[in-house]
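Q: Please take a close look at one helix in this model. I would like its two faces, its packing partners and its surroundings.

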Amino acid sequence: MSGARAKRSLAARRGRPYNKGRGLLAQALWVAVSTMLFSQVWCPNRLRCALLRWFGAEVGTGVLIKHGVSVQWPWKLSIGDNSWVGTGADLYNIDRIVIGSDVCISQQAYLCTGSHDRRSPTFEFDNAPIVVEDGAWICLRSVVLRGVTIGANSVVGAMAVVSANVPADSLVRSPAPSVAPG
């Protein structure tokens with residue numbers, strides 16, 4: 001500890017809350033359904049897609065959503081036709097996430113639309129949507145941060161972190177590990 005005083009206050013009830021898009025009853029119902037049914041291994045894909053639609057998500061045909069997927073607020077989610085969301089993926093959509101058609105979101109990928117303004121003394125929210133265009137592949141354990149568009153047919157490699165827009169037909173890889181001579 002440097003002894004320097006904090007420039008921001010994280011005291012309870014500081015700053016403005018973000019717009020959750022639905023009332024407390026809808027939020028509570030989604031949390032219950034998501035925990036007890038949607039994310040469970042025994043819940044069939046067809047029911048997962050139906051539940052998302054019932055809670056306001058736009059879900060195309062032929063969509064595959066595996067078990068263990070987390071969706072913060074389904075009414076802020078759109079998934080195009082024939083897209084896949086892999087086991088344990090986390091769609092933290094406190095702002096809108098739009099996933100195109102023929103998109104693969106691999107296992108344990110994390111799409112995070114939420115952040116905070118680092119310059120704000122009350123740590124105000126600084127959220128922005130994520131768009132994943134048609135044909136893109138977000139690989140295993142990769143992270144896509146708020147405000148990013150992943151261009152059509154692009155690949156975000158395993159464990160990569162994306163904080164800026166990715167042009168169409170691009171490849172984003174995590175930095176190569178440094179290996180010390182043996």
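A: What follows describes helix α2 and its surroundings.

This is a predicted model: local features need pLDDT of at least 70, side-chain atom pairs count only at pLDDT 80 or more, and totals for chains, interfaces and linings use all residues. Residues are numbered from 1 along each chain as its sequence is written, and side-chain values use heavy atoms, with hydrogens and water left out.

Start with the faces. Helix α2 spans residues 45–54. Helices are DSSP runs (H or I, at least four residues), strands likewise (E, at least two), numbered from the N terminus. R48, C49, L51 and L52 of α2 are buried. They lie on the same side of α2 because they cover an arc of only 160 degrees around the axis. That arc is taken from the directions from the helix axis to the C-beta atoms. On the other side, R46 and W54 are exposed. Buried means under 20% relative accessible area, exposed over 50%, and partly exposed in between (1.4 Å probe, protein chains only).

Next, the partners. The buried residues of α2 pack against α1 (24–38) and against strands β1 (58–59), β2 (64–65), β3 (70–71) and β4 (77–79). Contact means heavy atoms within 4.5 Å.

Now the helix pair. α1 and α2 pack at an angle of about 180 degrees, and their axes are 12 Å apart. Therefore α1 is roughly antiparallel to α2. The cut-offs are under 35 degrees for roughly parallel, over 145 for roughly antiparallel, 65 to 115 for roughly perpendicular, and oblique for the rest. Axes are lines fitted to C-alpha atoms, for helices over the stretch in contact, with angles from 0 to 180 degrees between N-to-C directions. From α1, L29, W30, V33, L37 and F38 meet L47, R48, L51, L52 and W54 of α2. By class, this contact has nine nonpolar, no polar and one charged residues. Ala, Val, Leu, Ile, Met, Phe, Trp, Tyr, Cys and Pro count as nonpolar, Asp, Glu, Lys and Arg as charged, and the others, Gly among them, as polar.

Finally, the flanks. V41 sits in the loop between α1 and α2. V41 counts as exposed because its relative accessibility is 60%. Leaving aside residues up to four places away in sequence, V41 touches R48 and H67. The C-alpha atoms of V41 and K66 are separated by 7.8 Å, though the two are 25 residues apart along the chain. Just after α2, G56 takes a positive phi of about 105 degrees.
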